[in-house]
Each structure stands twice: as C-alpha cells, then as structure tokens.
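The exercises below concern helix packing, enclosed space and backbone geometry in one protein model. Each task is followed by a solution in steps.

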Amino acid sequence: MDLSELQPDDRPPAPVGPADWAAAEAWLGLRLPGDFKALLADHGPVLVGGRIEIEAPIAGTDRLDYAAWIRDLKHESRRASRKLPPHRPPAFHPAPGGLLPWGSSNGGGLSLFWDTSVSDDPDRWTVVLCEQLCHRCPEQVSPWLSYDLTVSAFLETVLLDCLPLPGGGVLGPLPLTVHHRGAPGAGPWTAPPVRQLSAEERETALRTGTDVDALGLLAPPPAVPYLGEDLTWERLFEQLGTRLPSDWMVLMRRYGAGCWGEWASFNPPLAEGERGLLGLVRWRTSTYREHRARFPDRHPLAVWPEPGGFLPFATTIDNDALGWLTTGDPDSWPVVVQPRHAEQGPPLEGSSTEILLEWTRGRLDVEGLPGLDPDDDPFDFAEFEPWAVPPGR
C-alpha cells in the first residue's frame with residue numbers, strides 16, 4: 001500500500017511536515033510497524049478513501065496532538081464498549097499486549113487499533129476494530145472485531161474490496177483518494193511530560209484531598225491566573241447583588257479563567273462584557289427565562305435574582321451550565337448542573353471546588369458532567385487550559 005498510488009481529493013492539502021516517529025516510539029516504549037511509518041513517511045495525518053483517518057505524531061491545535069488523540073480514542077472506545085451491547089473493553093497499551101490506536105473513521109463511529117499481543121515483531125501486528133455506534137450491534141454481538149491483516153493489508157482491502165463490521169454491514173470499497181490533513185501551527189511533536197508525584201501526593205490528589213491544593217496536584221494552576229481587569233471583587237458583588245461562595249473565590253484566585261478537562265469553562269470574574277462572569281449571568285438567566293416561559297416542564301428552576309434562583313458560574317462545550325441555587329448564605333449554596341439535553345437533576349453534594357475535584361478524579365458522572373471510564377487514568381485527563389491574557393493588558 002502506497003499513498004502515492006491514490007489521487008488527492010478536491011481539498012487543498014494541509015501544510016504539515018514529517019511525523020516524529022522517534023519521539024513517538026520513545027514515549028510509547030514500542031517500535032511501530034515499518035509499513036505504517038513508510039505509509040506516512042513524508043506526511044502528517046491523512047484521510048484515506050474519504051473515511052479512514054490515520055494519525056501521526058504531529059504537534060498542533062486541537063485534535064492533531066498525538067498524545068491527546070491516543071488518550072481520547074482509548075477513552076471513547078472503552079465507554080462505547082461498556083454501553084449497548086455491554087462488553088468489557090480489552091486491555092489497552094501500556095498494558096502488556098494491549099491495543100494501540102492508529103486510526104479512526106471520519107466523523108467517528110469506528111476506532112482502529114493494533115493488536116500488540118500477536119507478536120514481539122510490530123511488523124506482524126494485526127488490526128482490531130471497535131464499532132462505537134453500539135446501537136447497530138445486537139446485544140449478544142461484541143463491538144470488537146479482529147482482522148488477520150496488517151495496516152497496509154487492511155487499507156488495501158477496504159479500498160479495493162470490503163471487510164465486515166461488528167454490527168453488520170461492511171467497510172469498503174472506498175474511493176481511491178487521499179487527503180493530507182493538518183492544522184494551523186502544526187509542527188514537530190514533543191511527548192507530554194511525566195508528572196512526578198510521591199505516593200502520598202497521589203493519594204491526596206486521587207482520594208483524600210478536598211480542597212484546591214489537592215486539585216493542584218491533579219492539574220497544576222497557571223503561574224499568573226487571569227481574572228479580568230475591569231472590576232474589583234466589591235464592584236462585581238455590587239453589580240450581581242450578592243457576594244459569592246468563598247471556596248469558589250479561592251478556586252478562581254488560584255486558577256483564574258480557563259477550561260477544565262476540555263469541557264467546563266469558567267469565565268473571568270472581573271471582566272466586563274460578554275466574556276466575563278457578569279455577561280455569562282445575564283445571558284444564561286435571560287435565555288433560561290425565555291425557555292421556561294415556552295417549556296415550563298423542562299425548565300423548573302427559578303433564576304437569579306428570583307428567590308433561590310439559579311446563578312451560573314460556568315458552561316460546558318455542550319452548552320450545559322453549572323451554577324448555584326442561591327438559598328441562604330452563599331457559602332452554603334448548593335451547586336447544580338443545568339443540562340441542555342436532559343431533564344433537570346437534583347443539586348450535587350459538596351462545594352464547587354469539591355465537585356470539580358471529584359469530577360476531575362473521575363468519580364462524578366452526571367448529565368452535563370460526563371465522567372471517566374473506570375479504566376481511565378485521571379492524570380491523563382486532569383487538565384486546565386487557562387485563558388490567555390488579552391493583548392495589551
């Protein structure tokens with residue numbers, strides 16, 4: 001199988017340099033198959049046949065980070081395997097003989113792995129496929145299917161012929177096309193640093209700690225948290241009409257604005273306009289009132305400044321909201337998730353910091369705050385991406 005034999009599709013190729021296989025192999029602790037490296041010798045990630053996305057160790061934005069892509073594909077496949085049909089997922093690398101991702105389908109649905117257990121020689125590794133659209137599989141049928149094919153043989157087969165899928169149907173034949181994918185800023189890949197913690201620190205981070213210091217062991221805070229520059233805390237409280245919980249203020253002073261776990265975003269509390277906390281409160285409460293007027297059964301909450309009203313402090317990538325129910329003293333306000341695509345659930349137990357800590361640990365899974373798979377390592381997903389300070393500030 002040679003990509004030069006395929007025709008470029010009608011999109012311009014992305015400007016991406018060669019993949020850094022040496023860095024990837026050192027980080028993985030494995031030598032990768034020679035045919036696979038030869039396939040992508042002069043390219044970054046590619047889309048083959050309009051369907052099969054093949055990843056490579058390239059640094060860049062979003063989904064082009066190789067380490068994050070491997071982490072996410074293992075996570076998605078684990079969770080899919082535990083749903084309908086319910087099958088325990090197999091072991092993944094770095095477990096001995098574990099599956100190692102190399103590709104997926106365009107738009108999701110299929111995950112592609114090497115079975116590293118078949119041989120000590122990576123050139124003999126064969127392909128394993130997981131069909132993540134598990135509703136297509138009868139309950140008794142596993143979403144996992146092994147093929148006695150190397151990557152090159154697998155690609156050649158689905159381009160020229162077809163292969164069966166776990167849920168029925170086939171993959172292939174695909175168009176004889178290739179698209180070189182990339183992203184702005186893509187370049188040489190650097191393996192993520194290994195976080196060095198003592199056994200006591202790991203225990204605090206994963207089990208016993210209850211405060212922002214324990215959270216800091218999971219996801220280190222930025223050197224300079226960004227809070228905004230337009231308001232003081234007193235002015236914020238004046239405009240909101242209330243002070244805010246002390247634990248949340250400690251959290252914000254330590255971390256500032258940013259995104260947790262690529263999911264939950266906290267706006268800068270001291271910034272004015274739409275980008276700040278005040279803007280978030282005005283937008284979410286106004287929108288909720290409009291929806292409540294039209295669909296009262298699906299929007300049962302009072303909203304701030306109504307008595308006991310919902311006061312949002314964060315949003316998710318799915319447009320859910322996290323906030324407080326403003327009953328009594330602010331330090332005793334319960335936290336609730338206002339989900340976009342589900343019925344309203346009850347308040348959660350604990351302060352905003354404790355809830356964020358439990359979610360980051362993978363021990364909280366509710367509508368709007370999806371949890372980790374039991375086999376996921378929380379340290380792989382514990383991440384805080386701070387907001388950049390605006391230019392000129």
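**Exercise 1. Describe how α7 packs on α9.**

Step 1. α7 passes α9 in a right-handed crossing; a crossing is right-handed if the near helix is turned clockwise from the far one by less than a right angle, and left-handed if anticlockwise. Helices (H or I, at least four residues) and strands (E, at least two) are DSSP runs, numbered from the N terminus. The model is predicted, so local features need pLDDT of at least 70 and side-chain atom pairs count only at pLDDT 80 or more, while totals for chains, interfaces and linings use all residues. Residue numbers start from 1 along each chain as its sequence is written, and side-chain values use heavy atoms, with hydrogens and water left out.

Step 2. The axes of helix α7 (residues 233-240) and helix α9 (residues 277-294) come within 11 Å and cross at roughly 15°. Axes are lines fitted to C-alpha atoms, for helices over the stretch in contact, and angles run from 0 to 180 degrees between N-to-C directions. α7 is therefore roughly parallel to α9, a label for angles under 35 degrees; over 145 counts as roughly antiparallel, 65 to 115 as roughly perpendicular and the rest as oblique.

Step 3. On the α7 side the contact (heavy atoms within 4.5 Å) uses Leu236, Gln239 and Leu240, and on the α9 side Leu277, Leu278, Val281 and Arg282. Sorted by class, these are five nonpolar, one polar and one charged residues. Ala, Val, Leu, Ile, Met, Phe, Trp, Tyr, Cys and Pro count as nonpolar, Asp, Glu, Lys and Arg as charged, and the others, Gly among them, as polar.

**Exercise 2. Work out the packing of α1 on α3 and the classes of the residues in contact.**

Step 1. Helix α1 (residues 21-28) and α3 pack at about 45°, and their axes are 12 Å apart. This angle makes α1 oblique to α3.

Step 2. The crossing of α1 past α3 is right-handed. Ala24, Trp27 and Leu28 of α1 make the contact with Tyr66, Ala67 and Ile70 of α3.

Step 3. The class count is six nonpolar, no polar and no charged residues.

**Exercise 3. Follow α10 from its contact with α8 to the lining of the largest cavity.**

Step 1. The axes of helix α8 (residues 246-255) and α10 come within 7 Å and cross at roughly 60°. The two helices α8 and α10 are therefore oblique to each other.

Step 2. Asp247, Trp248 and Leu251 in α8 meet Ser352, Thr353 and Leu356 in α10. The contact of α8 with α10 has three nonpolar, two polar and one charged residues.

Step 3. There is one cavity of 30 Å³ or more. On a 1 Å grid over the protein atoms alone, a cavity is a set of points where a 1.4 Å probe fits but cannot get out, a pocket is an open set with protein on both sides within 12 Å along at least five of seven lines, and lining residues have an atom within 4 Å of a point. The largest cavity holds about 80 Å³ of space; a volume is the space filled by probe spheres set on the points, which are joined across faces, edges and corners.

Step 4. Among the residues lining the largest cavity are Leu251, Ser352, Ile355, Leu356 and Trp359. α10 gives the most to this lining, with four residues, and β12 (264-266) also supplies at least two. The lining comprises ten nonpolar, one polar and no charged residues.

**Exercise 4. Which element gives the most to the lining of the second largest pocket?**

Step 1. The second largest pocket holds about 680 Å³. Of its 21 lining residues, His75, Gly261, Trp263, Pro370 and Phe381 lie nearest its centre.

Step 2. The elements that give two or more residues to this lining are α3 (66-82) and α10 (352-360). α3 gives the most, with six residues.

Step 3. The lining has nine nonpolar, five polar and seven charged residues.

**Exercise 5. Locate the cis peptide bonds and the positive phi.**

Step 1. Most residues other than glycine have a negative phi, and most peptide bonds are trans.

Step 2. Histidine 93 and proline 94 are joined by a cis peptide bond with omega about 20°. Proline 94 sits in the loop between α3 and β4 (99-105).

Step 3. The bond from glycine 172 to proline 173 is also cis, with omega near -10°. Proline 173 is in the loop between β9 (170-171) and β10 (177-180).

Step 4. Glutamate 262, not a glycine, has a positive phi of about 55°. Its place is the loop between β11 (258-260) and β12.
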